[in-house]
Amino acid sequence: MTNKRPHPPLVAGNWKMHLSSEEAARLASQTAKGALDAPGAELVLIPPFTLLHAVKRVVSDTPVQLGAQNMHWEDKGAYTGEVSALMVKDAGCRYVVLGHSERRHLFGETDAAVNKKTKAALRHGLTPIFCLGETLEERDTGRTFERLGSQFAAGLEGLDVGSVAKVVLAYEPVWAIGTGKTASPQQAQEVHGFLRRSLSERYGKPAADCAIILYGGSVKPDNAFSLFREKDIDGFLVGGASLEAASFLQIAKEALRAHKEKR
Ligand code: PGA
């Protein structure tokens with residue numbers, strides 16, 4: 001548990017199901033070059049599985065890290081269409097996104113599956129980016145914290161404090177993903193504060209204090225500064241705006257600018 005707060009920004013770009021290998025190599029190279037102008041921010045690129053090698057080749061001698069969008073909890077076996085933590089690691093990933101709302105809502109991923117994946121990722125030394133978030137209906141009916149509380153408890157079930165300290169949390173309100181609607185800084189902080197308190201109650205204050213909690217959902221260069229300025233926001237999981245190096249890098253720079261104010 002060495003992550004001192006305020007934590008320098010961790011900015012991860014989830015490319016989802018986009019780009020050819022040529023486009024991916026170009027975007028990775030532009031991002032890696034531009035990263036030199038954002039020293040202090042940790043940048044992570046999260047391409048589709050098929051592009052991991054092409055992107056790894058480009059970023060391997062740079063500080064830019066690699067992540068995968070998903071993985072299976074078993075190490076190997078007859079699981080057509082799946083990849084394991086070992087494979088993701090072998091492809092050069094340090095991070096893996098788990099429980100993204102698109103996986104939960106479009107592909108029926110359950111809290112129990114996310115829990116098994118989180119344990120498998122940690123077992124193999126990958127850093128899970130554990131996503132959780134409420135739907136618009138849950139927010140509108142006052143069930144935001146109930147939903148987040150149950151995703152939090154079920155997803156981290158059975159992990160000890162040392163393991164939880166290695167998990168990056170990502171609050172991603174489902175209604176803000178890919179919609180252009182961002183949570184206001186106050187709405188995001190309210191949830192990030194709730195998550196940090198939940199960590200503190202369950203795993204103790206030191207674990208809560210050093211935890212990295214990202215916000216995701218229509219993060220753009222023009223809202224990154226005001227979001228990152230909030231006390232409990234340590235970085236971003238960026239979808240659409242990560243598909244252009246300029247906007248992704250600008251988000252990192254805005255976060256760095258806000259980080260200076262927080263110190
Ligand atoms: P978005 O996606 O930035 O396009 O809203 C965020 C995410 O899904 O992680």
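**Exercise 1. Find which residues leucine 199 touches, then place leucine 199 in the wider packing.**

Start with contacts, meaning heavy atoms within 4.5 Å. Skipping residues up to four places away in sequence, leucine 199 touches Phe152, Val164, Leu169, Gly204, Ala208, Ala211 and Ile213.

Before going on, a word on the source: this is a predicted model, where local features need pLDDT of at least 70 and side-chain atom pairs count only at pLDDT 80 or more, while totals for chains, interfaces and linings use all residues. Residues are numbered from 1 along each chain as its sequence is written, and side-chain values use heavy atoms, with hydrogens and water left out.

Next, look for nonpolar cores: sets of buried Ala, Val, Leu, Ile, Met, Phe, Trp, Tyr and Cys residues joined through side-chain atoms within 4.5 Å. Buried here means under 20% relative accessible area, with exposed over 50% and partly exposed in between (1.4 Å probe, protein chains only). The largest core holds 72 residues, and Leu199 is among those with the most contacts inside it, along with Leu43, Met71, Leu195, Tyr215 and Phe236. Helix α12 (residues 245-262) gives the most to this core, with 8 residues. Helices are DSSP runs (H or I, at least four residues), numbered from the N terminus. Another core lies apart from it, with 13 residues, including Ile46, Ile212, Leu214 and Leu237.

**Exercise 2. Count the disulfides and check cysteines 131 and 210.**

Take the cut-off first: a disulfide is a pair of cysteine sulfur atoms within 2.5 Å. That rule gives 0 disulfides. Why does cysteine 131 have no bond to cysteine 93? Its closest cysteine sulfur, the one in cysteine 93, sits 15 Å away, so that's too far for a bond. Cysteine 210 isn't in a disulfide either, as the nearest cysteine sulfur, that of cysteine 131, is 19 Å off. Now check burial: cysteine 131 is buried at 1% relative accessible area, and cysteine 210 is buried at 5%.

**Exercise 3. Work out what surrounds the ligand and how much of it gets covered.**

List the neighbours, taking near as having a heavy atom within 4 Å. There are 13 residues around the ligand, and the closest are Lys16, His100, Glu172, Gly178 and Ser218.

Then pick out polar contacts: pairs of N or O atoms within 3.5 Å; within protein, one must be able to donate a hydrogen and the other to accept it, and residues adjacent in sequence count only if both atoms are side-chain atoms.

- Lysine 16 puts a polar side-chain atom 2.7 Å from a ligand oxygen.
- Glycine 178 has a polar backbone atom 2.6 Å from an oxygen of the ligand.
- Glycine 239 also uses a polar backbone atom, 2.9 Å from a ligand oxygen.

Finish with the area, using Shrake-Rupley and a 1.4 Å probe (for residues, only the protein chains shown count as cover). On its own the ligand exposes 280 Å², and the protein buries 96% of that.

**Exercise 4. Is asparagine 223 buried or exposed, and what does its side chain reach?**

Locate it first: asparagine 223 is in helix α11 (residues 221-228). At 12% relative accessibility, asparagine 223 is buried. Beyond neighbours within four places in sequence, asparagine 223 contacts Thr182 and Ser218. A polar side-chain atom of asparagine 223 lies 3.0 Å from the backbone oxygen of serine 218.

**Exercise 5. Do the same for glutamine 189.**

Glutamine 189 belongs to helix α9 (residues 185-203) and is buried at 17%. Not counting residues up to four places away, glutamine 189 touches Glu230, Lys231, Asp232 and Ile233. The glutamine 189 side chain reaches the backbone nitrogen of lysine 231 at 3.4 Å.

Methods. Helix = DSSP H or I, 4+ residues; strand = E, 2+ residues; numbered from the N terminus.
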